[in-house]
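Here is a walk through one protein model, from its sheet to its interior. Keep the 3D view open while reading.

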Amino acid sequence: MIKLQLPPSLWKATAAPAPETRPLDQDVTVDVAVIGGGFAGLSTALHLVEAGRSVQVVEAGDIGWGASGRSGGQVIPGIKYDPDDLRKMFGWEAGAKAAENFGSTAAKVFELIDRYGIDCDDTRSGWAQPAHSKAALPAALDRCRQWKALGADVAELTKAEMADLLGTDSYEGGWIDRRGGSVQPLSYTRGLARAALSKGAFVATHTAATGLSRSASGWTVSTNRGSRVNARDVVVCTNAYSKQLWPKLEQTIIAANSFQVATRPLSANLDRMVLKNQVVASDTRRLLSYFRRDRDGRFLMGGRGTFANPTTDGDFAHVERMLARAYPVLANQPIEFRWGGRVAITQDFLPHLHEPEKGLLFLVGCQGRGVALQSKMGEWIADYLVSENPAALPLPVTDITPIPFHGLRRLYVSATLAYYKMLDLVR
Ligand SMILES: Cc1cc2nc3c(=O)[nH]c(=O)nc-3n(C[C@H](O)[C@H](O)[C@H](O)COP(=O)(O)OP(=O)(O)OC[C@H]3O[C@@H](n4cnc5c(N)ncnc54)[C@H](O)[C@@H]3O)c2cc1C
């Protein structure tokens, strides 16, 4: 049996220790089985045990083995859609409610960190969205205006203010959302696991769910250890790492790679200049660059990955070029860490909740913005299971609908990337 251990990364090298967990080698019966030990699965488990439910989490690898332990760790409120888009999509009232809900996601992360004393190098200096071109600036400022109208702590930034905040004049201005911040994502994921364990959840690692079947009292989850979890409800939080656990689930998302690089800790001079206020940022490009510092003063740059998983340092060359373009002053900084992970993109760019049968819930599709979203999703899903009231969920539950021609995804992802790259150059 292959052991899914976290691949080398900055986060693995600097994380707080993981709580002790073991594979599941005997059958158990609980109220809820949760599949997947990332932000979503662990937050769901934590909120369920807080509500008095018994929970068994099964994770195929180490805690945080998926995107959660490899993420950029930027805590960003909201989803890819702006408040006005949500009102257009769902109608005035439901859209306004969705905007309010998604606007509250970052606060959930910091609330959990505070409540459970999670040691994860969190910062709360905000998330900035700098405009990569003059043409991209009006949309960024409009986004800021929409959130401001809802009372969010946001502010527009001129080109000079953005240059001062980021320590580079590569951008045309933009806005800052002071609700945002950052975490060391693997430490945060481990902290969620520790919190769930402290409240009585059972968390098994190196235990993959291999089948889901109906039973007299709910569901049975079979595992690759030969053990079974019997539960009334099952929540599947496997996101971009979903395989064929349920028919067609994997075909509802594009699992795209995102890559990051981290420099060595910056010198005192650069330290004073670059992102000096600990703000984190993702720019307005369609193929966006996201960047931040870490606890020890390294500079991190992230961006799109190759379709295949990385095998050589050369696979990260485009991210290093992005770093040099955004921060010419860092162009020659030695790179200490390179790593990547997968993000789940849905066809309509919304997170998807599916319940194909009673008591069997799937959550997929965070579009690369899941630190805050999946943490809050855990609370919403737990509320839904406890109350059985669909109004507890931020979006309607939808059918599992495969993306047409999913088998050709490599072709159209390449075509979309080329198109977006061209648009980013001209706009
Ligand atoms: C490189 C990178 C950078 C990112 N940067 C940011 C960022 O800065 N800010 C932000 O908001 N978001 C970011 N994201 C997105 C964010 O990390 C994800 O949205 C989030 O981690 C998803 O959490 P999750 O719990 O849904 O899924 P995951 O963390 O992927 O967890 C799914 C888990 O399910 C497990 N699993 C799969 N199948 C089975 C099975 N059959 N049985 C048991 N377990 C199984 C996997 O091992 C995995 O651990 C980034 C993602 C990547 C990859």
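Contact here means heavy atoms within 4.5 Å. Angles run from 0 to 180 degrees between N-to-C directions, with axes fitted to C-alpha atoms. The model is predicted.

Start with the sheet. Eight strands make it up, and the sheet is open. Reading across, the order is β5-β6-β4-β13-β14-β15-β12-β16. The pairing is mixed. Strands of a sheet pair through backbone hydrogen bonds, either parallel or antiparallel. Which strands form the edges? They are β5, residues 154–157, and β16, residues 335–346. Each of the two pairs on one side only. From one strand to the next, the twist averages 20 degrees.

Now go to the β5 edge. Its partner there is β6, residues 174–177, and the two strands run antiparallel. Four bridges join them. One residue pair to find is Glu156 with Trp175, its bridge partner in β6.

Next, look at helix α7, residues 159–166. This helix lies across five strands: β4 (127–130), β5, β6, β13 (280–282) and β14 (290–293). Relative to β4, helix α7 runs at about 130 degrees.

Trp175 has a further role in the picture, through its ring. The model has 12 aromatic pairs. One of them joins Trp127 and Trp175. Their ring centres lie 5.6 Å apart, with 85 degrees between the planes, so the pair is edge-to-face, the class for planes over 60 degrees apart. Trp127 sits in strand β4 and Trp175 in strand β6. The two are 48 residues apart, and the pair links distant parts of the chain.

Finish with the interior space. How many cavities of 30 Å³ or more does the structure hold? There is one. The largest cavity has about 30 Å³ of space. Its lining consists of Ile79, Lys80, Phe349, Pro351, Cys366, Gln367, Arg369 and Leu373. By class, five of the lining residues are nonpolar, one is polar and two are charged.

How values were computed
Residues numbered from 1 in each chain as written. Predicted model: local features only at pLDDT ≥ 70, side-chain atom pairs only at ≥ 80, totals over all residues. Heavy atoms only, no water. 1 Å grid on protein atoms, 1.4 Å probe; cavity = no way out; pocket = protein on both sides within 12 Å on 5 of 7 lines; lining within 4 Å. Points joined across faces, edges and corners; volume = space filled by probe spheres on them. Nonpolar A, V, L, I, M, F, W, Y, C, P; charged D, E, K, R; others polar. Pairing = 2+ DSSP bridges. Phe/Tyr/Trp six-rings, centres within 6.5 Å; stacked < 30°, edge-to-face > 60°.
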